[in-house]
Amino acid sequence: MSTEATTADRASILLVDDMEDNLVALEAVLGSLNEPLVRARSGEEAMKALLRQKFAVVLLDVRMPGMDGFETASNIKRLDQTKDVPIIFLTGTEADSGYAFRGYATGAADFLTKPFDPWVLRAKVNVFLDLHRKNRQLERMLAREQEQLGELAERLSTIETELGRSGPADVPELRTQLTRMEELLTDLRRGRCV
């Protein structure tokens with residue numbers, strides 16, 4: 001799938017850092033992905049943003065005043081609504097060697113040290129954007145299948161009602177219902193093969 005996504009597949013990226021320069025740098029690096037970039041200047045702001053909308057990935061600074069990156073990540077992973085959002089931790093070069101371990105232990109998908117290579121960051125974020133798009137596509141396919149299965153169940157119920165009547169069944173109507181069910185099943189099978 002290309003980085004040029006359809007409107008339905010747009011995947012927002014949450015940038016969390018208390019330093020304006022870092023947010024500007026992240027926006028400069030990720031702007032070419034043509035996806036919405038949302039800023040948060042603290043862990044608290046990040047949590048509010050995550051509860052307002054869905055994100056494909058969160059880029060989270062480790063060292064922030066108040067709720068730091070580890071606490072923010074723990075809160076993200078604790079909530080059903082946000083627990084599956086991948087987190088990439090970002091930290092300065094002076095970071096403690098245990099930061100990476102602690103980051104992965106809190107549920108991070110990746111860990112990068114600043115200054116980061118723009119190409120590497122863009123590539124990593126792009127992987128999560130593609131995963132997000134594929135998940136959305138699967139959700140739509142499953143919803144379509146559920147709709148078709150509901151229609152099949154409704155048609156089966158109609159046939160059962162017809163067969164249960166005391167008078168002679170309307171054979172042409174039953175054949176029409178069965179033909180439509182066969183078409184729906186064919187569509188379902190074809191959809192799974194795509």
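**Exercise 1. Which residues does V58 contact, leaving aside its neighbours within four places in sequence?**

Solution. The model is predicted.
Step 1. Set aside the residues within four places of V58 in sequence.
Step 2. List what remains: V58 is in contact with L14, V16, L50, V85, P86, I87 and I88.

**Exercise 2. Place V58 in the largest nonpolar core, and find which elements supply this core.**

Solution. Step 1. The largest nonpolar core has 22 residues. V58 is one of those that touch the most other members, along with L14, V16, L50, L60 and F89.
Step 2. At least two residues of this core come from each of β1 (13-16), α2 (43-52), β3 (57-61), α3 (69-78) and β4 (87-91).
Step 3. α2 gives the largest share, four residues.
Step 4. Another core lies apart from this one. It has 19 residues, including A11, I13, L23 and V29.
For background, nonpolar side chains tend to be buried together in soluble globular proteins.

**Exercise 3. Is K114 buried or exposed, and what does its side chain contact?**

Solution. Step 1. Locate K114: the loop between β5 (110-113) and α5 (118-164).
Step 2. The relative accessible area of K114 is 15%. Buried means under 20%, so K114 is buried.
Step 3. The K114 side chain makes a polar contact with the side chain of D17 at 3.0 Å. It makes another with the side chain of D61, at 3.0 Å.

**Exercise 4. Describe the overall fold pattern and burial of the protein.**

Solution. Step 1. Count the elements: six helices and five strands.
Step 2. Read their order along the sequence: β-α-β-α-β-α-β-α-β-α-α.
Step 3. Check burial: 39% of the 194 residues count as buried.

Methods
Residues numbered from 1 in each chain as written. Predicted model: local features only at pLDDT ≥ 70, side-chain atom pairs only at ≥ 80, totals over all residues. Heavy atoms only, no water. Core = buried A, V, L, I, M, F, W, Y, C linked by side-chain atoms within 4.5 Å. Buried < 20%, exposed > 50% of the residue type's maximum accessible area, 1.4 Å probe, protein only. Contact = heavy atoms within 4.5 Å. Polar contact = N/O pair within 3.5 Å; in protein donor to acceptor, adjacent residues only side chain to side chain.
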